[in-house]
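The exercises below go with the structure shown next. Work through each task before reading its solution.

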Amino acid sequence: MDVHEVELVMSAVKEAQYPDTGWPEVAFVGRSNVGKSSMTNVLINRKNYAHTSSQPGKTQTLNFYDVEHKLYFVDVPGYGYAKVSKKQREQFGQMIEHYLTQRDQLRGVIQLIDGRHAPTEDDIMMYQWLAYYQIPTLIVATKIDKVKSSSYTKTISAITKGLQLQANTPLILFSAKTKRGKQEIWDWIEQQTGV
Ligand code: GTP
Ligand code: MG
């Protein structure tokens, strides 16, 4: 989709604040600092609409972006961020878990993995959890501009093995810098949401 209109409609901390238009939703999950907000900006053709930061933990609410009045992107707070308190982390966890398991409009989840490294324990737990609930998932290996193209095969196999990727979970190499993978991600989103 060629996006012209986008608007952050809600930074939600509880269910009552989620939008109620019924449009399909795609959520972005991944470790703090992995590049969720940066990928959002590339997909919507904006420079820094979703606030990015080199400091992890920037995004702390469920952020609903109205995309072309057709669907929502939902930027989810990053997991594995140590600096928030234990209580805060538990609250995030509950909010995210509730959203991902109970939200009728949710059509799929894009899980971002740092393409430079093998998946972490947190990444593996998140993926296994999504698989358990049979939530349609796309894996995006990001920051791929930092990986030599001669190592792409290695990256793919490290992620495939590390996560024990199911045959029905696609994996796309992405860079917010070069925009590599943008079209493939959009293709998946359109397929899941029917927009
Ligand atoms: P939280 O909101 O804290 O969960 O982080 P996030 O996942 O939204 O990460 P964000 O998009 O803010 O990016 C974190 C840092 O990584 C920023 O300094 C970005 O510029 C950088 N970054 C994100 N994507 C890429 C990429 O594809 N390539 C490179 N080289 N840097 C990237
Ligand atoms: Mg963010």
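A residue is buried if 20 or more other C-beta atoms lie within 10 Å of its own, exposed if 12 or fewer, and partly exposed in between. By this count, 34% of the 195 residues of the chain are buried. The model is predicted.

**Exercise 1. Confidence**

Task: State the confidence scores of the model.

Solution.
- Step 1. The mean pLDDT of the chain is 91, and 95% of the residues score at least 70.
- Step 2. For the model, ipTM is 0.99 and pTM is 0.94.
- Step 3. Where pLDDT is low, predicted coordinates should not be read in detail.

**Exercise 2. Overall fold**

Task: Give the order of helices and strands along the chain, and compare the radius of gyration with the globule rule.

Solution.
- Step 1. The chain holds five helices and seven strands.
- Step 2. Their order in the sequence is β-β-α-β-β-α-β-α-β-α-β-α.
- Step 3. The globule rule gives 16 Å for 195 residues and the radius of gyration is 16 Å, so the chain is as compact as a globular protein of that length.
- Step 4. The C-alpha trace spans about 45 × 40 × 30 Å along its principal axes.
- Step 5. Among contacts with a separation of 6 or more, 73% join residues 24 or more positions apart.

**Exercise 3. Helix H4**

Task: Check the length of H4, then decide how its buried residues are arranged around the axis.

Solution.
- Step 1. H4 covers residues 152-163, which is 12 residues; at 1.5 Å a residue the expected span is 16 Å.
- Step 2. The end C-alpha atoms of H4 are 17 Å apart, in agreement with that expectation.
- Step 3. Thr155, Ile159 and Leu163 are buried in H4.
- Step 4. Viewed down the axis, the buried residues of H4 fall within an arc of 35 degrees, so they line one face of the helix.
- Step 5. Thr153, Lys154, Ser157 and Lys161, on the other side of H4, are exposed.
- Step 6. The cover over the buried residues of H4 includes strand E5 (106-114), helix H3 (121-132), strand E6 (137-142) and strand E7 (171-173).
- Step 7. Gln164 follows H4 and has a positive phi, near 55 degrees.

**Exercise 4. Helix H1**

Task: Find how many residues of H1 are buried and what covers them.

Solution.
- Step 1. Seven of the eight residues of H1 are buried, and the helix is mostly covered.
- Step 2. These buried residues are Lys36, Ser37, Ser38, Met39, Thr40, Val42 and Leu43.
- Step 3. Their cover includes E2, E3, E4, E5, E6 and H5.
- Step 4. Just after H1, Asn45 has a positive phi of about 60 degrees.

**Exercise 5. The largest nonpolar core**

Task: Name the residues that touch the most other members of the largest nonpolar core, and list the contacts of Val74.

Solution.
- Step 1. The core has 36 residues, of which Phe28, Met39, Val74, Val140 and Ala141 touch the most other members.
- Step 2. At least two core residues come from each of strand E2 (25-30), helix H1 (36-43), strand E3 (62-67), strand E4 (71-75), E5, H3, E6 and H4.
- Step 3. Leaving out residues up to four places away in sequence, Val74 touches Glu25, Val26, Ala27, Phe28, Leu62, Asn63 and Phe64.

**Exercise 6. Classifying single residues**

Task: Assign Val29, Asn33, Lys179 and Gln134 to buried, partly exposed or exposed.

Solution.
- Step 1. Val29 lies in strand E2. With 24 other C-beta atoms within 10 Å, Val29 is buried. Not counting residues up to four places away in sequence, Val29 touches Val76, Val109, Gln111 and Met126.
- Step 2. Asn33 is in the loop between E2 and H1. Its count is 20, so Asn33 is buried. Asn33 is not a glycine, yet its phi is positive, near 80 degrees.
- Step 3. Lys179 is in the loop between E7 and H5. Its count is 13, so Lys179 is partly exposed. Lys179 also has a positive phi, about 70 degrees, without being a glycine.
- Step 4. Gln134 is in the loop between H3 and E6. Its count is 9, so Gln134 is exposed. The C-alpha atoms of Gln134 and Gly108 are 9.8 Å apart, with their positions 26 residues apart in sequence numbering.

Methods: Residues numbered from 1 in each chain as written. Chains lettered and ligands numbered in written order. Predicted model: local features only at pLDDT ≥ 70, side-chain atom pairs only at ≥ 80, totals over all residues. Helix = DSSP H or I, 4+ residues; strand = E, 2+ residues; numbered from the N terminus. Rg over C-alpha atoms; globule rule 2.2 N^0.38 Å. Contact = placed C-beta atoms within 7 Å. Expected span 1.5 Å × (residues − 1). Arc of directions from axis to C-beta. Core = buried A, V, L, I, M, F, W, Y, C linked by C-beta atoms within 7 Å. pLDDT = per-residue confidence, 0-100.
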